[in-house]
Amino acid sequence: MPRHIVCLTFDFDTQSGFIARGMTTPTLLSRGEFGLIGAQRILALLKARGLHATWFIPGFTIESHPAACAAVVEEGHEVAHHSWAHVPPAQQSRVEEEADLVRANEAIAKLTGRNALGYRSPSWDLSESTIDLLLAHGFRYDSSLMGADYWPYRARRGDVAELGKPFRFGEQTALIEMPISWSLDDYPHFEFVRTAAAILPGLQSARTVMESWLDEFRYMQQAVEWGVLTYTMHPYVIGRGYRMLALEGLIENLQDAGAVFMTMEEAAAEAQARMF
Ligand SMILES: [Zn+2]
C-alpha cells in the first residue's frame with residue numbers, strides 16, 4: 001500500500017531571529033511579534049482540520065511568550081528543539097553550542113514535561129559538533145539537512161570536504177535526518193528583508209507558492225511508494241491573511257490527494273521502523 005506522509009512544521013521564532021542578527025529596532029522586532037497572532041490563526045486552522053503538527057520553538061520564545069507556547073502544547077502538537085537564542089550552530093564554539101542546547105531543553109522540559117526528541121538548527125546551518133551533541137543529549141531526529149527529499153536518512157558525522165580532494169563520507173549515526181529544503185520554506189518566498197548588504201525580495205503570490213508545494217507532493221506520489229514531505233513555516237510569515245487562505249487551500253488539496261499527516265516525531269519513528 002502506498003503511503004505518503006506530510007509533516008507540517010512551524011518554526012515559532014517570534015523576535016529571536018531578529019535579535020540574533022542584531023536587528024533590534026522597534027519595527028523589526030514587531031515583525032517577529034506578529035508571530036503571536038499568526039500562531040493563534042495556525043492553531044485554529046489545525047484544530048478545524050483535525051491535524052497535529054510539529055512546532056520548533058526556541059527557548060527564547062518559550063520564556064518570552066509562555067501563554068502562546070502553552071496553547072501549542074494544549075492543542076496536542078509536538079514541541080521540538082530550535083535552540084535557545086536562534087544563533088546558528090556554525091557560528092558557535094562547541095561549548096557555546098552545547099550550553100545553548102541544554103538551556104533550550106530545560107525550557108522545553110518545563111513547558112512539556114519532557115526533553116525534545118527532535119532538533120532543527122536556526123537558519124539551517126549545523127556545526128561540525130552538532131550531530132555529536134544531539135546524540136549525546138538523547139535526540140532521535142534532526143531536521144536541518146538537504147541530502148534527500150522524500151526519504152529520511154541517517155545523519156553522518158566526520159564527512160571530509162577539502163579543496164582539491166575528493167569528498168569522503170563519514171560514518172552513519174543513529175540520528176534520523178528528516179530532510180528539508182529552502183524551496184519548501186515560507187521565508188524566502190514571502191519575507192521582504194532589506195539589510196545594508198542585501199535585499200531578499202520575497203512577497204510572492206501565496207497561491208502560486210502553494211501550487212508548487214502541492215506539485216512537490218504529487219511528484220512524491222509518483223516517485224516513491226512511501227515517503228515523507230516536510231513543509232517549513234513561520235507564524236510571523238505564513239500568518240498573514242492571504243497566506244493563511246492559501247495554506248488552508250493547500251491542506252485541503254493534500255487531504256483530498258490522500259496525504260497522511262503526522263508530527264515529525266511520529267514520521268521519524270515510522271521511518272526508523274520501516275527503513276533502517
Ligand atoms: Zn527559526
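In which strand is Ile5 found? Select Ile5 to begin the tour: the residue belongs to strand 1. The coordinates shown are those of a predicted model.

**Stop 1: Ile5 and strand 1**

With Ile5 selected, display its surface. The residue is buried, and its relative accessible area is 0%. Next, add Thr230 to the selection and draw a distance between the two C-alpha atoms. Ile5 and Thr230 stand 225 residues apart along the chain, yet their C-alpha atoms are separated by 8.6 Å.

**Stop 2: the zinc ion**

Select the zinc ion and show the protein atoms around it. Its protein donors are two OD atoms of Asp13, together with NE2 of His82 and NE2 of His86. These donors lie 2.1 to 2.5 Å from the zinc ion. Read along the sequence, the donor residues follow the spacing D-x68-H-x3-H. Asp13 and His86 link distant parts of the chain, being 73 residues apart. Asp13 sits in the loop between strand 1 (3–11) and helix 1 (16–20), while His86 occupies the loop between strand 3 (78–81) and helix 6 (94–112). Both of these residues are buried.

Why is the arrangement of the four donor atoms irregular? The angles that they subtend at the zinc ion run from 55 to 138 degrees. A tetrahedral assignment would require all angles to lie between 85 and 135 degrees, so the four donors are classed as irregular.

**Stop 3: the loop between strand 3 and helix 6**

Keep His86 selected and add Ser83. Both residues merit a check of their backbone torsions. Phi of His86 is near 60 degrees, a positive value in a residue that is not glycine. Ser83 likewise is not a glycine and has a positive phi, of about 75 degrees. Ser83 is placed in the loop between strand 3 and helix 6, and His86 lies in the loop between strand 3 and helix 6 as well. As for exposure, Ser83 is buried at a relative accessible area of 3%, and His86 is buried at 5%.

**Stop 4: the internal cavity**

Ser83 also leads to the next feature. How many cavities of 30 Å³ or more does a search of the whole structure find? The search returns one. The largest cavity has a volume of about 50 Å³. To outline it, select Ser83, Val87, Pro89, Gln92, Glu97, Asp100, Leu101, Tyr119 and Pro122, which line the cavity. Colouring by element shows that helix 6 gives the most to this lining, with three residues. Colouring by class divides the lining into five nonpolar, two polar and two charged residues.

**Stop 5: the largest pocket**

Move now to the open spaces, starting with Ser127, Glu128, Arg156, Gly158 and Asp159. Among the 16 residues that line the largest pocket, these are the closest to its centre. The pocket holds about 480 Å³ of space. Which element provides the largest share of its lining? Strand 6 (residues 153–157) does, with three residues. By class, the lining comprises eight nonpolar, three polar and five charged residues.

**Stop 6: the second largest pocket**

The second largest pocket has a volume of about 390 Å³. Select Arg21, Ser123, Trp182, Tyr187 and Tyr236 to find its centre; of the 25 residues in its lining, these are the closest to that point. Helix 1 and strand 9 (199–200) are the elements that give two or more residues to this lining. Its class composition is eleven nonpolar, nine polar and five charged residues.

**Stop 7: two cysteines**

Select Cys7 and Cys69 in turn. Cys7 is buried, with a relative accessible area of 0%, and Cys69 is buried with a value of 0%. With a cut-off of 2.5 Å between cysteine sulfur atoms, the count of disulfides is zero.

**Stop 8: Ala206 and helix 9**

Finish at Ala206, which is found in helix 9 (residues 206–223). Is this residue buried or exposed? Ala206 counts as buried, at 3% relative accessibility. Add Ala246 and draw a last distance between C-alpha atoms. Ala206 and Ala246 are 40 residues apart along the chain, and their C-alpha atoms are separated by 5.9 Å.

Terms used. Residues are numbered from 1 along each chain as its sequence is written. This is a predicted model: local features need pLDDT of at least 70, side-chain atom pairs count only at pLDDT 80 or more; totals for chains, interfaces and linings use all residues. Side-chain values use heavy atoms; hydrogens and water are left out. Donors are N, O and S atoms within 2.8 Å of the metal (3.2 Å for Na, K and Ca); water is not among the atoms, so sites may look incomplete. Four donors count as tetrahedral if all angles lie between 85 and 135 degrees; four count as square planar and six as octahedral if opposite donors are over 155 degrees apart and all others between 65 and 115; anything else is irregular. Helices (H or I, at least four residues) and strands (E, at least two) are DSSP runs, numbered from the N terminus. Buried means under 20% relative accessible area, exposed over 50%, partly exposed in between (1.4 Å probe, protein chains only). On a 1 Å grid over the protein atoms alone, a cavity is a set of points where a 1.4 Å probe fits but cannot get out, and a pocket is an open set with protein on both sides within 12 Å along at least five of seven lines; lining residues have an atom within 4 Å of a point. Grid points are joined across faces, edges and corners, and a volume is the space filled by probe spheres set on the points. Ala, Val, Leu, Ile, Met, Phe, Trp, Tyr, Cys and Pro count as nonpolar, Asp, Glu, Lys and Arg as charged, and the others, Gly among them, as polar.
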